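This note collects comments on how the chains meet and on selected local features. The points are numbered for ease of reply.

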Protein chains: 4
Amino acid sequence: MENKRKPYQLVSREWKKEDTVISLKNTKIGGNNITLIAGPCAVENEDQIFTICEFLSKKNIKLLRGGAYKPRTSPYSFQGLKKDGLILMRQAADKYGMGVVTEVMETTLVDEVYHYADILQVGTRNMQNYQLLRALSKIDKPILLKRGMSSTLEEWLLAAEYILSGGNEKVILCERGIRTFETATRNTLDLSIVPLIKALSHLPIIVDPSQGTGIRELVTPMSVAAIAAGADGVMVEVHNYPEEALSDGPQSLYFDQFTALMEKVEKVAEINNRSVDYHSDEKLVY
Amino acid sequence: MENKRKPYQLVSREWKKEDTVISLKNTKIGGNNITLIAGPCAVENEDQIFTICEFLSKKNIKLLRGGAYKPRTSPYSFQGLKKDGLILMRQAADKYGMGVVTEVMETTLVDEVYHYADILQVGTRNMQNYQLLRALSKIDKPILLKRGMSSTLEEWLLAAEYILSGGNEKVILCERGIRTFETATRNTLDLSIVPLIKALSHLPIIVDPSQGTGIRELVTPMSVAAIAAGADGVMVEVHNYPEEALSDGPQSLYFDQFTALMEKVEKVAEINNRSVDYHSDEKLVY
Amino acid sequence: MENKRKPYQLVSREWKKEDTVISLKNTKIGGNNITLIAGPCAVENEDQIFTICEFLSKKNIKLLRGGAYKPRTSPYSFQGLKKDGLILMRQAADKYGMGVVTEVMETTLVDEVYHYADILQVGTRNMQNYQLLRALSKIDKPILLKRGMSSTLEEWLLAAEYILSGGNEKVILCERGIRTFETATRNTLDLSIVPLIKALSHLPIIVDPSQGTGIRELVTPMSVAAIAAGADGVMVEVHNYPEEALSDGPQSLYFDQFTALMEKVEKVAEINNRSVDYHSDEKLVY
Amino acid sequence: MENKRKPYQLVSREWKKEDTVISLKNTKIGGNNITLIAGPCAVENEDQIFTICEFLSKKNIKLLRGGAYKPRTSPYSFQGLKKDGLILMRQAADKYGMGVVTEVMETTLVDEVYHYADILQVGTRNMQNYQLLRALSKIDKPILLKRGMSSTLEEWLLAAEYILSGGNEKVILCERGIRTFETATRNTLDLSIVPLIKALSHLPIIVDPSQGTGIRELVTPMSVAAIAAGADGVMVEVHNYPEEALSDGPQSLYFDQFTALMEKVEKVAEINNRSVDYHSDEKLVY
């Protein structure tokens, strides 16, 4: 592979040989663990988030995803339940012993999201929002850094370098599809970036096949493929009533589809001598 | 052209038939005017910015561009002179009766940049930084909104819609090249977006062929082409010593190249019954 | 500009300093001439092609374009009138003293198309059809080599190198838009390639804004922009009844639109000290 | 998934519900089989091809790939051993009871390649070479149709439709990466197209991760990922001395890497209730 001098440092394998493993209260991300993060695109109401969270906890899923503050291309689209959404997610997650993964769109929201979330997500539109990256480099919770929709591998690692060089080493990369000429899928999920990142960086990397494809039927095969390619986990959208979802229904899994996904992911994880981290009894306590 | 219902409203031709013309103290952007904005990629020191500004003022250029706070892909690259850069630009512009165009990267800097600048620029990486767009929708100075490097026409107009719907109608669009497979140029300058924007929106649109091509020799032909295509102006990088520039030297024009550019732009403007706004005697007074 | 060793040779400026000018019976392409090529997307019937040809000849246009054999993405689409189309084009062109530009899709058709055409066009899908390029390198008529829809500058010049190295130096390059993420236009017309090609190669280059944009209203501004950027001409689609065209009606100009285009192109050509080659009295004789 | 009327017919699931399984003398492609095709990028000499073929046959691989006629971007690059290459491949394959997969670039070569090959490959540059597609629609051997480097799913299926509508139903699709802005990999391997093709078409689809990534270290993870995503097989480049290969050495596997790949592919195939077709004793006889 390429040997030319790299513009990033702290995120590189040269800087740190062993895999970075990120510890949360109830789980670890990276190393031999395969992490499943699941939940709705957006938190919509109490019933929805508690129903989904209960289902996931029964499946021993440890990390709940959900959007409270939603970046939307149009100022007129549903922008999320905001703080109410964060509170609902936290309540649901606490009831079922899960951790919360949710997006922080703005620096003014870092404190608030920090209070409710266990992992703070940077969305694809904000990968080069340096004000936000610097703010997140000063906190002590893990950051899920999504790849910009037209960002190169190098730009992505440099965005992570912003966070590490500011003092926060807990960065999880998340491939979520890139923008190409192909419109048959919502984005083009670039799985080849996974083993390449693994070779060049010590950071864990997970894959989001829901955003990556935009098509429910592709989420399970692409999740399994992601794990086969060496990803440390997948983040998928699951909904109790996908056809009534306020956003991204067509890419949200039904409960039984998610159950089937888990079975396949477990098996393919074994091939890479890894295991999904959900058979444990330790629960998150707040 | 397309007749389907559009997701944007305030920026559309349907909403407002006549061209938006944006008034500054010393010039107007849009309408029959062709606007030239010029200056270095980054403000580097007093001598540099005053030398360039003096040259441009002699050419009757009314708007000075220059980066004080620079968004950089790497945390280790030169990040600009910051506030010192803003002060230098303002001093130079005031001495020569020019206006200042400079980027505002972060919401925390809006007040500071507002104080020194006449036009606040949103860079390509921030086109969908909604926190920033909303902050800028609350001020009364014009916003130069660069197109995201992988943003569609619709996403771009919706980003402008964020600013207009927040209360600031003074938005100038700026095409600066999109990211494609072609690496012979730094970006692919999408001039066809210019007449398409003109058909769909009442907002003025200018073109940045320096960022758009990354190659000094292409800046003049693409400036002329941009005006031919119907753009309301161009923004180009000019430097007294391009080969010693701290950033983007290879795409910066020499002074004599800029003079030649002006002559050609004047002529092509006439074809579209427009004229470059620099023969006036009114000067900016602060 | 780039100084690294180039993989192409015969097409390069290093190999031949002066512009290649290609002589036809009634016109020259390159040098100080600006060439206008116009006609329908496809030859449809005798009335259509003679009507269009008569109009163009009255405008002193010297080169008639039209598809007889049409490469179509679907095997079920209209594939052109084939040989009958070639015959009709030839008859119309002869009647009005014009030259014929038409596509040759296949090696088995080279002899036939050679017989009827003055310039043989290689379409975007065939830019790397080496069998076809080699066959065309053995004939003595000019080749209009369209850029592949995802071809880099280097690949395009190497495709031309195939033709020159086989013995045919009469190659005209034609930029017709590249495939990008942007779907607001049919393709993204890459005008910055024009001055870059001019710097790197001695071959003439023309631009096809009809295919390049797919939108009638953009054809005139982009034609003018192409000439402003330094192109040696444009090729545009014109139809007597665009709304009834069998293919590509939405990008075909009405007659009066074409007249307006000519006037603007003439003016912008002057700025580059060039002139449209249609004021001559010499006519093509066969 | 999408329900709009599709422009293709014979290749669609609506036309034919059950998977197409393509029978060769020594193996079947599609159905429950996972197919491995391996060999050098180009046939270079007798020793090379026999050594590689012997190794593969010991591994019970049934299909040997190798380029004899090579489409090259530059007319000055190594163009393959041509007919000598075909003869050597056939001899090696016959000695070890294997089938031959090789590219046919031109219609004039169809008869010759047909004589020596078991599967005729259409390269990415020729996916819309309709003369070639039609010629191949008239033969009775399987066609491996590579995706054009900037072809959409729809264009690809329509290219296959050309072959089926001409009479040859034995088409195997091959995803080999698309052209995007990302240059860290040679192409962007689009694995999400695999389950989407499976939903829309009855044709078998295999994946070429060697061309798709251009990086040896990524070939195994992406092969495993391809099978996990539902592909019917993979085609990979293997070489006895990759560092001395005349073409594409950096993406060719060492023998022991290929052995490791096989083990992983076997395991992941099982998860999808499929098995690699190489444990059989039946040998190809000519």
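**Comments on the predicted model**

1. The contact of chain C with chain A buries about 270 Å² between the two chains, and carbon and sulfur atoms account for 82% of this area. Of the area that chain C buries against chain A, 89% comes from C:Arg179, C:Phe181 and C:Thr183, more than from any other three residues. The model under discussion is a predicted one, and the values in this note should be read accordingly.

2. The residue count at this contact is as follows: four residues of chain C are in contact with four residues of chain A. No salt bridge is counted between chain C and chain A, and the count of residue pairs in polar contact, both at pLDDT 80 or more, is likewise zero. By class, the side of chain C that touches chain A comprises one nonpolar, two polar and one charged residues.

3. How is chain C placed relative to chain A? A turn of 180° with a shift of 0.0 Å along the axis lays chain C on chain A, with an RMSD of 0.0 Å. Within chain C, C:Phe181 has the C-alpha nearest the axis, at 2.2 Å from it. Both copies use the same surface, since 100% of the contact residues of chain C recur in chain A.

4. Chain D and chain A bury about 2,900 Å² between them, 74% of which is given by carbon and sulfur atoms. Here 37 residues of chain D are in contact with 37 residues of chain A.

5. Which polar features cross the interface of chain D and chain A? Two salt bridges are found there. A:Arg147 forms a salt bridge with D:Glu182, with the closest N and O atoms 2.7 Å apart. Six residue pairs are in polar contact between chain D and chain A, counting pairs with both residues at pLDDT 80 or more.

6. On the side of chain D that touches chain A, helix H6 (193–200), helix H8 (216–228) and helix H9 (255–271) of chain D each supply at least two residues. H8(D) gives the most to this side, with seven residues. The residues of this side of chain D comprise 21 nonpolar, nine polar and seven charged.

7. Chain D is superposed on chain A by a rotation of 180° with 0.0 Å of shift along its axis, at an RMSD of 0.0 Å. This is the relation of a two-fold axis. D:Ala225 comes closest to the rotation axis among the residues of chain D, its C-alpha being at 2.1 Å. The copies meet through the same surface, because 100% of the interface residues of chain D are also interface residues in chain A.

8. Helix H6 (residues 193–200) of chain B deserves a separate comment. Seven of its eight residues are buried, so helix H6 of chain B is largely enclosed by the rest of the structure. The buried residues of H6(B) include B:Ile193, B:Pro195 and B:Lys198. They pack against helix H5 (153–165), strand E8 (171–175) and strand E9 (205–207) of chain B, together with helix H8 (216–228) of chain C.

9. Is D:Ser57 buried or exposed? D:Ser57 is buried, with a relative accessible area of 12%. D:Ser57 lies in helix H1 (residues 46–58) of chain D, and its side chain reaches the backbone oxygen of D:Glu54 at 2.9 Å. Leaving aside residues up to four places away in sequence, D:Ser57 touches D:Tyr96 and D:Met98.

Note on methods. Residues are numbered from 1 along each chain as its sequence is written. Chains are lettered from A and ligands numbered from 1 in the order in which they are written. This is a predicted model: local features need pLDDT of at least 70, side-chain atom pairs count only at pLDDT 80 or more; totals for chains, interfaces and linings use all residues. Side-chain values use heavy atoms; hydrogens and water are left out. Copies are superposed by least squares on the C-alpha atoms of residues with pLDDT of at least 70 in both. Contact means heavy atoms within 4.5 Å. Helices (H or I, at least four residues) and strands (E, at least two) are DSSP runs, numbered from the N terminus. Buried means under 20% relative accessible area, exposed over 50%, partly exposed in between (1.4 Å probe, protein chains only). A polar contact is a pair of N or O atoms within 3.5 Å; within protein, one must be able to donate a hydrogen and the other to accept it, and residues adjacent in sequence count only if both atoms are side-chain atoms. Buried area is the accessible area (1.4 Å probe) that two parts lose on being put together, summed over both. A salt bridge is a side-chain nitrogen of Lys or Arg within 4 Å of a carboxyl oxygen of Asp or Glu. Ala, Val, Leu, Ile, Met, Phe, Trp, Tyr, Cys and Pro count as nonpolar, Asp, Glu, Lys and Arg as charged, and the others, Gly among them, as polar.
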